[in-house]
Amino acid sequence: MIFQERTYSVLIVSASEKLDNSLRSLLPGTEYYPVQSARSVGEARRMLLGSSFDLVLINTPLKDDFGTQLAIDVCVDSAAGALLFVKADLYESVNARVMEYGVVTLSMPSASALVSQSLRMLCAQRERLRRMEQKQQSVEDKIEEIRLVNRAKWLLIECLSMTEADAQRYIEKQSMDQRITKRMAAENIIKTYS
């Protein structure tokens, strides 16, 4: 076994307790934790509202719905990976419907090696999305900092009759002198002059 730095939270949505148990045997606690179960789409949706999961495994059909819309919603509304188990005779039509949303589909029955490979694929997909989320957050943080610095500059221009260049230098000097970020210097200026 390879040392895992991260574990993946899993929601198994299955009306069949037998499949639930068989999937749990493929989810070692060192890699997949916590593993929770839901018996219906309604129950799964309630659990998804209360918690976020890295992987959602859906065994179709379910008691209250087939399950394809749940898989699509998981992929569209969250960064979780969705694995949809369908009967072999429905595989082509279901896969054609959900593939464009990023849902991975497996026909049942499937060998446990294939299920394990699919789980690893979903984990890789999840890591890729996690990195994209971090980049997006970094960009959003930079944009917010630029907005705050600009707002502070305009307050300095209005209140102290500075030029834009002088206001920019003032913020940078405050940042260096106080050993704080430009964002914090801008926030202090905004508090002072607002």
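# Notebook: cores, odd backbone spots and cysteines

I began with isoleucine 72, which counts as buried at 5% relative accessibility. This is a predicted model, so I keep that in mind for every entry below.

**Isoleucine 72**

I placed isoleucine 72 in helix α3. Leaving out residues up to four places away in sequence, I found it touching Arg97, Val98, Tyr101 and Val103. I also took one long-range distance: isoleucine 72 and glutamate 133 sit 61 residues apart in sequence and 20 Å apart in space, C-alpha to C-alpha.

**Nonpolar cores**

Next I went to the cores. Which residues have the most contacts inside the largest nonpolar core? My list reads Leu11, Val13, Val56, Ile58, Leu70, Leu84 and Val103, in a core of 22 residues. I noted which elements give two or more residues to this core: β1, α2 (41-50), β3, α3, β4 (81-87) and α4 (91-98). The largest share, five residues, comes from α3. Apart from this core lies another, of 18 residues, and among them I noted Tyr8, Ile12, Leu27 and Leu57. As background, nonpolar side chains tend to be buried together in soluble globular proteins.

I then picked isoleucine 58 for a contact list. Setting aside neighbours within four places in sequence, isoleucine 58 is in contact with Val13, Gly67, Leu70, Ala71, Leu83, Leu84 and Phe85.

**Strands β4 and β5**

Leucine 83 came up in that contact list, so I looked for its bridge partner in β5, and this is valine 104. In what sense do β4 and β5 pair? They pair in the parallel sense, over five bridges. With α4 added, β4 and β5 make a right-handed β-α-β unit.

**Tyrosine pair**

I counted aromatic pairs and got one. Tyrosine 8 and tyrosine 32 form it, 6.4 Å centre to centre with 45° between the planes, and the pair is tilted. It is called tilted because 45° falls between the 30 and 60 degree limits for stacked and edge-to-face. The pair links distant parts of the chain, with tyrosine 8 in strand β1 (residues 8-13) and tyrosine 32 in strand β2 (residues 32-38), 24 residues apart. Both tyrosine 8 and tyrosine 32 are buried.

**Glutamate 127**

Tyrosine 8 turned up again when I checked glutamate 127: not counting residues up to four places away in sequence, glutamate 127 touches Arg6 and Tyr8. I find glutamate 127 in helix α5. Is glutamate 127 buried or exposed? With a relative accessible area of 18%, glutamate 127 is buried, because the cut-off for buried is under 20%. I also took the C-alpha separation between glutamate 127 and lysine 63, and it is 32 Å for residues 64 apart along the chain.

**Cis peptide bonds**

I logged a cis peptide bond from threonine 60 to proline 61, with omega near -10°. Proline 61 is in the loop between β3 (55-59) and α3 (68-77). I also logged a cis bond from methionine 108 to proline 109, where omega is near 0°. Where is proline 109 found? I have it in the loop between β5 (104-108) and α5 (112-160).

**Positive phi**

Serine 161 is not a glycine, yet I read a positive phi of about 55° for it. It is in the loop between α5 and α6 (164-178), and at a relative accessible area of 65% serine 161 is exposed. Arginine 179, also not a glycine, has a positive phi of about 55°. I place arginine 179 in the loop between α6 and α7 (182-193). Arginine 179 is exposed too, with a relative accessible area of 76%.

**Cysteines**

How many disulfides does the structure hold? I get zero. Cysteine 75 is in no disulfide, and the nearest cysteine sulfur, that of cysteine 123, is 14 Å away. The sulfurs would have to lie within 2.5 Å to count, so cysteine 75 and cysteine 123 do not qualify. Cysteine 75 counts as buried at 17% relative accessibility, whereas cysteine 159 is partly exposed, with a relative accessible area of 40%.

Technical notes:
Residues numbered from 1 in each chain as written. Predicted model: local features only at pLDDT ≥ 70, side-chain atom pairs only at ≥ 80, totals over all residues. Heavy atoms only, no water. Helix = DSSP H or I, 4+ residues; strand = E, 2+ residues; numbered from the N terminus. Buried < 20%, exposed > 50% of the residue type's maximum accessible area, 1.4 Å probe, protein only. Phe/Tyr/Trp six-rings, centres within 6.5 Å; stacked < 30°, edge-to-face > 60°. Core = buried A, V, L, I, M, F, W, Y, C linked by side-chain atoms within 4.5 Å. Contact = heavy atoms within 4.5 Å. Pairing = 2+ DSSP bridges. Right-handed = clockwise from strand over helix to strand, strands pointing away.
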